[in-house]
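The following questions and answers concern the chain shown below. Each answer sets out its reasoning before giving the value or name requested.

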Amino acid sequence: MEFEVGYMTALVIVGISFLGFFLSMMVDEVNRKKGIVIFILSLILFGLGVYYYYVVGLWQRKSGGDTVNKLNYYLYLYRPAPETTIPETNLPQN
């Protein structure tokens, strides 16, 4: 349950940034400077939301639990770590 709350928080932040984009387009019709400022702030908020989503995905990967989150699967954000084996080589022994 801990990861789902993090993902939902990140998606809420991204959703609020989209509302900011729409607001900036509406304010831009009245006052150009304020519209640009709101647009830049919404862009920063969008970046923070995407970064937070990425950090939660890394946290989930580090914990090693399975994921049922298909969005992460399609974004290649969370994949189970493959087991690697070191091939044996024929190096001379000292």
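Q: Which backbone oxygen does the side chain of Ser 17 reach, and at what distance?
A: The model is a predicted one. Ser 17 is located in helix H1, which covers residues 2-28. The side chain of Ser 17 finds its partner in the backbone oxygen of Val 14, at 2.5 Å.

Q: Is Ser 17 buried or exposed?
A: The relative accessibility of Ser 17 is 0%. The cut-off for a buried residue is under 20%. Ser 17 therefore counts as buried.

Q: Which residues does Ser 17 touch, not counting residues up to four places away in sequence?
A: One of these residues, Ser 42, is itself listed among the buried residues of H2. With the residues up to four places away in sequence set aside, Ser 17 touches Ser 42, Leu 45 and Phe 46.

Q: How many helices and strands does the chain have?
A: Read from the N terminus, the elements run α-α-α. The totals for the chain are accordingly three helices and zero strands.

Q: Why does the distance between the end C-alpha atoms of helix H2 agree with its number of residues?
A: Helix H2 comprises 32 residues, 32-63. The expected span is 1.5 Å times one less than the number of residues, which gives 46 Å for H2. The end C-alpha atoms lie 47 Å apart, so the two values agree.

Q: What does a side-chain oxygen of Asn 31 reach at the start of H2?
A: The contact is formed with a backbone atom, and the distance is within 3.4 Å. The atom that the side-chain oxygen of Asn 31 reaches is the backbone nitrogen of Lys 33.

Q: Which side chains meet in a salt bridge, and at what N to O distance?
A: Side chains of opposite charge can pair when their charged atoms come close. The count for this model is one salt bridge. Its two side chains belong to Arg 32 and Asp 28, with an N to O distance of 3.2 Å.

Q: How do Arg 32 and Asp 28 count in terms of exposure?
A: A residue is exposed over 50% relative accessible area and buried under 20%, with partly exposed in between. Arg 32, at 57%, therefore counts as exposed. Asp 28 has a relative accessibility of 26% and so counts as partly exposed.

Q: Which residues make up the largest nonpolar core?
A: H1 and H2 each supply at least two residues of the largest nonpolar core. Its largest share, three residues, comes from H1. The five residues in all are Phe 3, Tyr 7, Ala 10, Tyr 53 and Val 56.

Q: Which residues is Val 56 in contact with, leaving aside its neighbours within four places in sequence?
A: Val 56 is one of the buried residues of H2 and belongs to the largest nonpolar core, as do Phe 3 and Tyr 7. Beyond its neighbours within four places in sequence, Val 56 is in contact with Phe 3, Gly 6 and Tyr 7.

Q: How far apart in space are Gly 6 and Trp 59, C-alpha to C-alpha?
A: Gly 6 is in helix H1, and with 6% relative accessibility it counts as buried. Not counting residues up to four places away in sequence, Gly 6 touches Tyr 52 and Val 56. Gly 6 and Trp 59 are 53 residues apart in sequence, and their C-alpha to C-alpha distance is 10.0 Å.

Definitions and conventions
Residues numbered from 1 in each chain as written. Predicted model: local features only at pLDDT ≥ 70, side-chain atom pairs only at ≥ 80, totals over all residues. Heavy atoms only, no water. Helix = DSSP H or I, 4+ residues; strand = E, 2+ residues; numbered from the N terminus. Buried < 20%, exposed > 50% of the residue type's maximum accessible area, 1.4 Å probe, protein only. Polar contact = N/O pair within 3.5 Å; in protein donor to acceptor, adjacent residues only side chain to side chain. Contact = heavy atoms within 4.5 Å. Salt bridge = Lys/Arg side-chain N within 4 Å of Asp/Glu carboxyl O. Core = buried A, V, L, I, M, F, W, Y, C linked by side-chain atoms within 4.5 Å.
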